[in-house]
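Hi,

Here is the structure I promised to pass on to you. Have a look at it first, and then read my notes underneath.

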Amino acid sequence: MQVEVDRDKCVASGQCVLTAPEVFDQDDDEGKVVVLDDTPAPAAHGRARQAAAMCPGVAISLRDEGR
Amino acid sequence: MTTPTSAPQLPFTRPNPMDLAPLFAQLRDKGPLSRVTTPAGDPAWLVTAYDEARTILGDRRFGKAHPAPEKASKISGAAIQSGPTGSFEDEEREHTRMRRVLTPAFSAPRMRRLSSRIQELADGCLDDMERARADSPDTPVNLHDLLSFPLPVQVICELLGVSQSDRDLLRGWSERIGILDGGSDAQEAMADFQAYMGRVAEAKRERPGQDVVTDILKVQAEDPTFTEDDMTRLAAGLLFAGHETTSTRIDFGTLFLLIDPARRDRFAADPEGLVQATVEEILRLSAPGGLGLMRYAREDVQIGGVTVARGDAVLVAINAANRDGEAFAEPDAFDPDRAPNAHLAFGHGGHYCIGNALARTEMRIAFTSLFRRFPGLRLAADPYTLREHSERLTGGVNTVPVLW
């Protein structure tokens with residue numbers, strides 16, 4: 001799984017950080033998304049998928065889903 | 001504005017606090033958008049389908065301001081979310097400014113740091129429950145009064161830098177401004193609430209603190225267009241939104257977990273492991289309040305087979321969208337194993353609830369602590385007989401009687 005984010009679309013909701021804290025963080029300044037691990041371990045895939053599905057700005061995309 | 005219409009009027013009658021009004025699903029079967037009458041008697045579109053709800057919430061052609069506010073459909077006689085807000089021309093700029101002020105205080109990293117304090121407050125609430133039980137062993141304990149209400153109110157008071165000792169005052173104002181046909185009493189309560197926040201702000205100007213009111217004042221000092229009324233309305237809104245909503249979710253979540261003893265036992269066996277997904281399912285399924293999120297079309301928009309005209313009021317029924325069978329299999333079933341669970345409890349798009357991390361953190365701590373302490377918790381009343389406050393914007397129940 002490859003995690004990509006579009007910071008221009010990010011609305012700084014922070015839901016991704018709460019959902020998958022091993023994959024996402026927020027910067028201190030604007031609260032925008034920061035990727036901590038763009039190829040997360042399989043154990044985190046479910047949480048990353050939940051974060052992407054919930055993202056209110058549709059700023060998170062996941063590639064190679066299911067592999 | 002115009003009144004005569006045969007469209008069904010909100011709020012719709014629901015059978016009990018756990019189930020939605022059946023009319024939502026009936027309307028959705030006919031189409032994603034329906035003509036309805038608001039509690040104030042004005043025409044509006046009601047969005048009941050998930051896809052259209054999500055699209056509208058993420059679409060900048062829908063906003064909270066109105067091109068001609070005096071002609072806008074009124075939603076209700078509450079003192080908040082009753083009609084258009086802000087300036088039509090400057091809506092985006094004002095919204096961006098507000099988000100910038102508030103984002104740092106409500107960010108997930110800040111919530112992580114706040115977690116241990118929330119845990120202390122939750123433990124204090126559970127101690128109070130134990131004491132109440134010991135003092136009067138034959139009487140059920142009202143979880144609403146001892147956990148669901150006091151926990152969020154204490155947390156938001158600390159975050160805003162407002163004194164805990166005023167919480168009964170705040171509770172009174174909060175209830176009055178959220179009554180759908182509150183009228184002049186709701187306006188009076190809002191005025192008193194704002195005057196109170198003005199006094200809090202005055203004190204913070206002299207002695208700044210580590211709190212959100214101080215953050216807001218810093219921004220206000222640098223921006224002459226940020227009026228005193230803007231500031232006190234924002235602070236009062238945060239205090240209202242910061243506890244009424246979370247409070248009802250803790251009540252409803254407890255009801256959903258306790259309705260089925262097997263469900264409770266499963267959760268109580270591993271609260272830490274199950275809490276994240278369980279909270280998301282509680283957020284999806286619990287449906288306090290019967291209206292939804294309010295928008296006005298900024299231009300004519302074709303959606304869901306209808307034309308929403310510029311200036312039309314749109315109510316996005318997120319509770320109904322969260323139970324749309326097209327988006328969620330067996331939508332009325334409580335299933336914490338759904339993955340992903342992309343519910344709309346906090347909205348979607350640029351207005352996504354800024355307090356979502358706070359609410360999620362409080363709920364996770366509340367449910368984990370509650371079922372760690374009282375794994376045998378049970379309801380002392382039939383939940384289907386509890387009365388939901390359909391007259392309130394945020395809905396909710398006043399009693400959740402429990403024993404253990």
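Below is what I found on a pair of helices, a pocket and the cavities.

Before you start, keep in mind that this is a predicted model.

Let's begin with two helices of chain B. General background first: a packed pair of helices is described by the angle and the distance between the two axes. Here, helix α8 (residues 183-206) of chain B and helix α10 (residues 228-259) of chain B have axes that come within 8 Å and cross at roughly 105°. Angles of 65 to 115 degrees count as roughly perpendicular, so that is the label for α8(B) and α10(B). If you want to find the contact on screen, look in α8(B) for residues including M190(B), F193(B) and M197(B), which belong to the set that meets α10(B) residues, among them M231(B), L239(B) and F240(B). By class, the residues of this contact are nine nonpolar, three polar and four charged.

Next up is the second largest pocket, which holds about 810 Å³ of space. Its lining has 31 residues, and V11(A), R60(B), H95(B), T96(B) and G350(B) lie nearest the centre. Which element gives the largest share of that lining? It's α3(B), with eight residues. The lining splits into eight nonpolar, 11 polar and 12 charged residues.

Finally, there are four cavities of 30 Å³ or more. The largest cavity has about 120 Å³ of space. It is lined by 16 residues, with F12(B), R14(B), F24(B), G289(B) and G290(B) closest to its centre. Nine of the lining residues of the largest cavity are nonpolar, four polar and three charged.

Cheers

Key. Residues numbered from 1 in each chain as written. Chains lettered and ligands numbered in written order. Predicted model: local features only at pLDDT ≥ 70, side-chain atom pairs only at ≥ 80, totals over all residues. Heavy atoms only, no water. Axes fitted to C-alpha atoms, helices over the stretch in contact; angles between N-to-C directions. Helix = DSSP H or I, 4+ residues; strand = E, 2+ residues; numbered from the N terminus. Parallel < 35°, antiparallel > 145°, perpendicular 65-115°, else oblique. Contact = heavy atoms within 4.5 Å. Nonpolar A, V, L, I, M, F, W, Y, C, P; charged D, E, K, R; others polar. 1 Å grid on protein atoms, 1.4 Å probe; cavity = no way out; pocket = protein on both sides within 12 Å on 5 of 7 lines; lining within 4 Å. Points joined across faces, edges and corners; volume = space filled by probe spheres on them.
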